[in-house]
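This report describes a predicted model. It covers the sheet, the aromatic contacts and the empty spaces.

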Amino acid sequence: MLNNWIPVSLPISEQMVVYKNQAEKRPVIEITRTFASHGMHESSLHLPMHTGTHVDYPLHALEGGKCSSDYHRFPLTFLALVVDLTPIPRPSIDLEQVRDLSLEGVEAVLFKTMAENLATFNPHFPGLTAEAALWLARFPLLFVGTDQLGIERDQPGHPTHIELLQRDILIIEGLELSRISGGRRRFAAFTASIQGVEAEPVLAFALPEH
């Protein structure tokens with residue numbers, strides 16, 4: 001039962017914050033049947049795969065890479081280290097912030113960079129550098145995640161994605177970690193099992209601290 005778990009996925013709406021405020025990343029909810037015309041109410045959702053809280057598979061950054069059909073990680077629970085970087089804002093998450101992390105037994109590293117939920121897109125968000133990603137890739141992690149809508153910023157060739165995804169470390173972007181403190185904590189994550197895609201939405205929860 002997850003009734004006492006804390007949701008850490010962003011709500012989906014047409015007004016939600018999207019990456020770089022790009023119109024093509026905004027969800028569209030279309031009413032397809034109405035009571036007046038059909039005797040019932042139905043709607044259709046157009047949701048770009050990289051909008052809101054989602055997981056990136058290797059195909060997103062590696063030509064011919066693995067897609068969602070190649071993984072069977074969801075649903076699952078996993079032990080994550082939440083790295084709280086909010087006390088000292090910084091332009092990037094670099095090697096200095098990751099090389100001394102205690103990762104023994106940890107299955108995921110999740111970076112909390114905001115004390116409050118994202119209200120507008122920040123074009124200067126702190127991304128994970130390629131050097132930091134390479135260091136994390138030395139460990140047997142399932143996921144590296146962030147509360148930002150992207151994990152790297154202005155890096156030609158997307159090396160952060162490549163360093164992680166080529167080692168089967170999946171990337172979770174758009175987590176809502178404002179209610180979560182730093183430290184080790186158990187999470188649960190679910191997807192809709194969409195087949196053959198490079199990314200898909202994630203519904204994630206955190207176990208409350210004891």
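## A buried aromatic pair

A residue counts as buried when its relative accessible area is under 20%. By that cut-off Tyr 19 and Phe 121 are both buried.

A search of the whole structure finds 9 aromatic pairs. Tyr 19 and Phe 121 form one of these: their ring centres are 5.3 Å apart and their planes meet at 70°, so the pair is edge-to-face. The contact joins distant parts of the chain, with the two positions 102 residues apart in numbering. Tyr 19 belongs to the loop between β1 and β2 (28–33), whereas Phe 121 belongs to the loop between β7 (108–112) and β8 (127–128).

## Other ring contacts

Phe 74, Phe 78, Phe 143 and Phe 187 are linked into a cluster by ring pairs.

Two arginines lie over aromatic rings. Arg 138 is placed over the face of Trp 135, at 4.1 Å from the ring centre. For Arg 153, the charged end sits over the ring of Phe 125, 5.9 Å from the centre of that ring.

## The sheet

Strands of a sheet pair through backbone hydrogen bonds, either parallel or antiparallel. In this model, 9 strands make an open sheet with mixed pairing. Read across the sheet, the order is β1-β13-β11-β5-β7-β9-β10-β4-β12. The edges are β1 (6–7) and β12 (199–201), each of which pairs on one side only.

Within the sheet, strand β5 (residues 76–84) and strand β11 (residues 183–190) run antiparallel and are joined by 7 bridges. Thr 77 stands opposite Ala 188 of β11.

## The largest pocket

The largest pocket has a volume of about 360 Å³. It is lined by 21 residues, of which Tyr 19, His 60, Glu 152, His 158 and His 161 are the closest to the pocket centre. The lining divides into 7 nonpolar, 7 polar and 7 charged residues. Tyr 19 therefore appears both in this lining and in the edge-to-face pair with Phe 121.

## The cavity

Rolling a probe the size of a water molecule over the atoms shows where empty space is left. The search of the whole structure finds 1 cavity of 30 Å³ or more. The largest cavity has a volume of about 60 Å³.

Its lining consists of Leu 10, Met 114, Glu 116, Asn 117, Leu 118, Asp 147, Leu 175, Glu 176, Leu 177 and Ser 178. These residues of the cavity lining divide into 5 nonpolar, 2 polar and 3 charged.

Methods. Residues numbered from 1 in each chain as written. Predicted model: local features only at pLDDT ≥ 70, side-chain atom pairs only at ≥ 80, totals over all residues. Heavy atoms only, no water. Pairing = 2+ DSSP bridges. Helix = DSSP H or I, 4+ residues; strand = E, 2+ residues; numbered from the N terminus. 1 Å grid on protein atoms, 1.4 Å probe; cavity = no way out; pocket = protein on both sides within 12 Å on 5 of 7 lines; lining within 4 Å. Points joined across faces, edges and corners; volume = space filled by probe spheres on them. Nonpolar A, V, L, I, M, F, W, Y, C, P; charged D, E, K, R; others polar. Phe/Tyr/Trp six-rings, centres within 6.5 Å; stacked < 30°, edge-to-face > 60°. Buried < 20%, exposed > 50% of the residue type's maximum accessible area, 1.4 Å probe, protein only. Lys NZ or Arg CZ within 6 Å of the ring centre and 35° of its normal.
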